Amino acid sequence: MPLDKSIKKVLVIGSGPIVIGQAAEFDYSGTQACQAIKDEGIDVVLVNSNPATIMTDRGMATSTYIEPLTAEYVEKIIKKERPDSIIAGMGGQTGLNLACELYDKGIFDKYNMKVIGTSIPSIKEGEDRDSFKKLMERTNQPIAPSEIVTNLSDGIEFAKEIGYPVIVRPAYTLGGTGGGIAETEEELIEILSQGLHLSRVSQVLLEKSIKGWKEIEFEVMRDGAGNCITVCSMENIDPVGVHTGDSIVVAPALTLADKEYQMLRKAAIDIINSIEIKGGCNVQFALNPDSFEYAVIEINPRVSRSSALASKATGYPIAKIAAKIALGYNLDEIKNAVTGKTYACFEPAIDYIVTKIPKWPFDKFFGAKRNLGTKMMATGEIMAIGNTFESSLLKGVRSLEISQYTLERTSSKKRSTVELKQRAIVPDDERLFDLAELIRRNYNMEKLAEITGMDPFFLQKIKNIVEAEEELKKYRLEDVTYDMMKRYKRMGFSDKGIAELTGSKAAEVFKRRVEMGIIPVYKMVDTCAGEFEAVSPYYYSTYDEVTESFPSDRKKVIVIGSGPIRIGQGIEFDYCSVHSVLSLEKAGVETIIINNNPETVSTDFDTSDKLYFEPLTEEDVYNIILLEKPDGVILQFGGQTAIKLANFLADMNVPVLGTQPKYIDEAEDREKFDEMLEKLQIKRPKGKAIWSVEEGIAEANILEYPLLVRPSYVLGGQGMEITHNEADLVRYLSDAFAKDKKNPVLIDRYLGGRELEVDAICDGEDVLIPGIMEHLERAGVHSGDSVSIYPPQNVPENIIEKIKDVTYRIALELKVIGMINIQFIEFKGELYIIEVNPRSSRTVPYITKVTNVPVIDIATRIMLGEKLRDMGYTTGIAPKTNTVAIKVPIFSTEKLPRVEVSLGPEMRSTGEVLGVGHSFSEAMYKGFTAAGTTIPKAGSTILATVRDLDKENFLPIAKEFAKMGCKFVSTSGTADLLEAHGVPVQRAKKISEGVPNVLDIIRSGMIDLIIDIPKKGNDVHSDGFKIRRTAIECDVTIMTSLDTVGALVNVMKAGYTADSVDIIALSDIR
Amino acid sequence: MKAQLILENGARFVGEMFGAEKNIVGEVVFTTGMTGYQETLTDPSFAGQIVTMTFPLIGNYGINLEDNEAEHTNLKAFVVREKCDHPSNFRNEMNIDDFLKEQGVVGLEGIDTRALTKILRDHGVMKGVIMSGVPTDAEIASLMNSLDNSHVIMDTTTDKIYTINEAGAPHIAFIDMGAKHGILRDLAARGCKITVFPANAQAAQIDEMKPDMIFLSNGPGDPLDAPGTVDVIKELVGKYPICGICMGHQIIGLALGCKTKKLKFGHHGGNHPVKDLTTGNVYITSQNHNYILSDYPDCVEETFVNVNDGTCEGIRHKTLPIQSVQFHPEASPGPLDTGWLFDRFLKEVK
């Protein structure tokens, strides 16, 4: 069927903030969907609470709402916009759940809307555990013995019946949240209680464990006429038992014979036919490695992380095609954009190997329990393409930015064989390197396959790499022959890796191999294995003879992407890269993107003129530069990943556009930076680098407490701390010097003032500040974890003037051309500077949207030589817009066992939401709502435990809550305080005081809000840590900064409801 | 041992020889299937050809003795980017190197198969030789010119008449043009009695058996090289329901008055979309052919068409119970989407 002409306006629901299990892939799919729908001349109404996304840009949809993703708000938007249709499967699990909720409430019927694409009953059939089971029975598809339980005792009973281990999967949760494998009844009780609590419908599936079977996924498409295709198969290297989001995955499946492959492919198609998918669907199978026996694990009737990976792995744009199908088209009516000749109704043939490796946040979360299981913990992923498995894997490893260029990892080498074996059985994020180390020690390969459940095929491939490494170690670089060099490069070894193994330098390896004439060629990703002529400008490197990438003679610029999503470097940077490309295109420049993140818009082959899907290391980037000879390279938008290439590119005489590497270095190097501030007479908190505990104590007495202490050379996420007294300092310093004597510890005066932040654009003469952001939480909380307010609400004019002045002077001094980000503290009427980043920052998408200044476009044009004045801007702060917009951080700590929850100097948030209102309190109310924060009401119960230091500050807040009818529960210290001041409080036992204690009270579900102001974080044995973890695990809102609590009181006082606030379209922000 | 693949147009690819080590000549084709190398290796339709796989890792799951599509491999050589020496699969019985050695088939590994594929795509199917050492131009030319694939059908067809499933029904006279086991398997699975004839069987021999249907299999090479089969079918048209697959389809078409054309580089792989012109549905099919039917007479109508290039994928006689498809409903290797066609074929038996 061609286009359904009755569709005029489609509602698209986004996926909300980036959290573990739901990352940038839904910005990619949502953006594709919006574009595909608009291309047909149909209006798009978009709602997404996440301001960092490309999909929420002006111009992407017809009207865009950055509003909370709740049924109330979406209904308000529907009422105002009156879309005639909704497409449900583009916004991940969040979007899908919300669509189901609206459907159940009859909202679509009420407003006469139809669901296009896969219907809600079909979605439910796939999502709801019970109907899924029935569906499988109906289609004769095997599943592991399982049962839906809604209470603990049924669960225990069923587990006895099928035997342990038992897999626990809550219905309707993200990335397996709340799930796990229970080996014993005790474990079952723990996991199941949490799962029941977290499931929206209190349904949990208990399933017999098929741990150790191969995990195979298919991405399937079906149109309204019933035509089905499979886009891609994927094989998890880690067998069933490790969440697919935490597995290394290859595409296509590599160890299945055609009979097995076709058996599963047919099953996938039978399933989607049976539930009448209209669009894309992901089907996951477990396959017994010793027979044809298989079981369907689950299906996702929507676009997903896997579909993003499959799209990038094959060049087949799943989300776009799914949107076209929803609009009525059949697969054989949609052109394949890659070939321009064939149609979307075909199955991609690929002639390379794709490897996806998860990026885990454990470098930030030092104390986290790192074992991989059925709960996803990775924040992001990288993808690598090679035409050998080894090259694909090695490219992937160096894309992770964990300083690994071979499979030899220091931490694995240090482990005993017994320990390594244990870690092979119970894997964590270092599994690959542990396995390589076991193989290096000649551990029995058959045994290794047995204990890991991994296919011997993959283990053998790892062995090939290990053997090559061992062989190389026997050579000096000058003895490496042409044939050897060629073989190693084909195998995927980097110059750096070869240098490490031969005891030389990467530059020397590079020189030698180029002298030998060994340089990479670039092959095309074309969906058809070369069968048809393709026009897709999408490339990967190999060490073959024949290249397919031919540089044009146009003026061209390379934009370096930001790699995998991680804490501190998220989707915001992809936003910047993509916008820079759009701006360059407008300027008539050929654009080239290098990036390795399959979840992003930047790695869509439609985004730039050319896409190189490659690691972002010096060598890989430089190889492309040598081929393309660009007129410039842009580093400013790729976060720290791109910035750290600056010095190298300068050394190689590669033209870097914008701020020159020398000045980037000046801002990044602490000493040079201090000299500059000195010269400009700009204040910063006093501090010093110290080398011993004694020196520290002496210095502390000069600086005065409290002090901000941090290692100068940050290792493994061991971070900053605020110390309030000598005892704390001594403990911190002794600890730090015990771990690392070679580097100093930096101690700075801690100023507990107001934090302010700017992103500014400088052309060398003028400096434009689009807007100043005020942080709600005082200094000491990482800027990425603070609630950020635009325009500032409490900053005096003289400070604003000072910010303008200091920003101007620093930008000019650093000869910034393009973006600069500066963070300040206002303390007792003085302005101090705490950080300067000579690049685009994570607040750029937010500030762009709320100030209406096209920040990246301006910065890019400046890098191309234009001046602010020519664009109609001048030095100063852009005029304020008519709304207050508040960015609220979102954490994924529930996904990461044993991770500290409280706010501190180390960044922990994974994403953000925006609240837009006519006043501070209205915006804050929406921000809290979007973040899922419980706003207490009369009768709510608040558990409060406040450190001594803050008791005074807490008192007025407590009184406000009490006045509004909230009840308090506290342990002795805080309870004494409240009672002494006449605030009624119910006493709770501390953990050491026996049961029922404060943790039991949280678990009982009677607490609506927890206020816990910790003495210090990261002490897993403290009561506070346990309270915070319990709060997270029981999904109770917790606040760890009194500043946030203060804002909450304000919002509560204002008495907003979803009905009383306005929805504000992006275009209304002026 | 180092060896080269030298194409008719002079292009050369240097690799390592494996399997049987000898110099050979053949017609060079590529196939895009990502799995199913074993079925490809044993598919008689590849007789006389040098087959290159576009997927770079070949041999990962080894060779088992169950999935062969014929008793022997008939192709001349197998060209891969990387063969797997340590295969892994519960059914794995030997590795690909040993299998090729045993079958006397030349292997060549370590070449840029994508570059080769693009040459074949741009220049069309051509002859090629694989030679070890440093052959002279005269040696290359001599081997290149020795290629004669006109007898491949007789090389691959059965040498005697035999019956499968004696007690079954209906009774199918199966003309083996170089048949894949898969077709026989699918017919037998539906309970048919199958009498298999060589490609050069005479009409009288078939008449003698009084079959309920005549079925023509796939086979290698040019249908015009078939040993009189077209004329035999002309004699049988109207007397029996007739169905066929791939070359069988082409022979039926020729017998009904269609013409054949050679495609530039053929269709080889498991991802070809085919539209059923009766229902409008599209199926993903397994294909392996260099020739297509064209110029249908009035009595013939097209039933399936290739979505990518619009070529003929199936025909039917407007009045007689005769139909055939160009693609492979038996899959092996490839998708199982069109297995139902066997039921449709058998419905022609009244």
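This tour goes through a predicted model stop by stop, saying at each one what to select and what is there.

**Stop 1: chain B and its two domains**

Select chain B and colour residues 2–149 and 153–346 separately, since the domain assignment of this chain gives domain 1 and domain 2 with those bounds. The centres of domain 1 of chain B and domain 2 of chain B, taken over C-alpha atoms, are separated by 27 Å. Where the domains touch, 24 residues of domain 1 of chain B are in contact with 24 residues of domain 2 of chain B. On the domain 1 side, the elements that give two or more residues are strand 3 (24–31), helix 1 (37–42) and helix 3 of chain B, and strand 3 of chain B gives the most, with 3 residues. If you colour that side of domain 1 of chain B by class, you should find 8 nonpolar, 12 polar and 4 charged residues.

**Stop 2: a barrel in chain B**

Now show the strands of chain B that run in the order 1-2-8-6-4-3-9, which form a closed barrel of 7 strands with mixed pairing. As you go from one strand of this barrel to the next, the twist averages 35°. For one pair of neighbours, select residues 77–80 and 106–109 of chain B, which are strand 6 and strand 8, and follow how they pair in the parallel sense over 4 bridges. Which residue of strand 8 of chain B is the bridge partner of B:Ala77? The partner to look for is B:Val106. Add helix 2 of chain B, residues 96–103, and you will see that this helix lies across strand 2 (12–19), strand 6 and strand 8 of chain B, running at about 85° to strand 2 of chain B.

**Stop 3: an open sheet in chain B**

Next select the strands of chain B in the order 10-12-11-13-14-19-18-17-15-16, which make an open sheet of 10 strands, again with mixed pairing. Its edge strands are strand 10 (162–164) and strand 16 of chain B, each of which pairs on one side only. On average, and with direction ignored, neighbouring strands of this sheet are turned by 20° against each other. Zoom in on strand 11 (residues 171–176) and strand 12 (residues 193–198) of chain B, which run parallel and are joined by 6 bridges; here B:Phe174 stands opposite B:Val196 in strand 12 of chain B. Then add helix 6 of chain B, residues 181–189, which packs on the sheet and touches strand 10, strand 11, strand 12 and strand 14 (242–245) of chain B, while its direction makes about 155° with that of strand 12 of chain B.

**Stop 4: where the chains meet**

Show both chains and look at the contact between them, which takes 39 residues from chain B and 44 residues from chain A. On the side of chain B that touches chain A, the elements giving two or more residues are helix 3 (113–123), strand 15 (259–276) and strand 16 (282–294) of chain B. The largest share of that side, 5 residues, comes from helix 3 of chain B. By class, this side of chain B has 15 nonpolar, 14 polar and 10 charged residues.

**Stop 5: two helix pairs in chain A**

Move to chain A and select helix 14 (residues 417–425) and helix 15 (residues 431–440), which pack at an angle of about 135° with their axes 9 Å apart. That angle makes helix 14 of chain A oblique to helix 15 of chain A, and the crossing of these two helices is left-handed. To see the contact, show A:Leu420, A:Lys421, A:Arg423 and A:Ala424 of helix 14 of chain A together with A:Asp434, A:Leu435, A:Glu437 and A:Leu438 of helix 15 of chain A. By class, this contact has 4 nonpolar, no polar and 4 charged residues.

For the other pair, select helix 17 (residues 456–473) and helix 19 (residues 495–502) of chain A, which pack at an angle of about 55° with their axes 7 Å apart. Helix 17 of chain A and helix 19 of chain A are therefore oblique to each other, and their crossing is right-handed. Here A:Glu469, A:Leu472 and A:Lys473 in helix 17 of chain A meet A:Ile498, A:Leu501 and A:Thr502 in helix 19 of chain A.

**Stop 6: backbone details in loops of chain A**

Finish with A:Pro791, in the loop between strand 31 (788–790) and helix 29 (797–813) of chain A, where the peptide bond from A:Tyr790 to A:Pro791 is cis, with omega near -10°.

Methods: Residues numbered from 1 in each chain as written. Chains lettered and ligands numbered in written order. Predicted model: local features only at pLDDT ≥ 70, side-chain atom pairs only at ≥ 80, totals over all residues. Contact = placed C-beta atoms within 7 Å. Nonpolar A, V, L, I, M, F, W, Y, C, P; charged D, E, K, R; others polar. Axes fitted to C-alpha atoms, helices over the stretch in contact; angles between N-to-C directions. Parallel < 35°, antiparallel > 145°, perpendicular 65-115°, else oblique. Left-handed = near helix turned anticlockwise from the far one by under 90°. Domains from an automatic or database assignment. Pairing = 2+ DSSP bridges.
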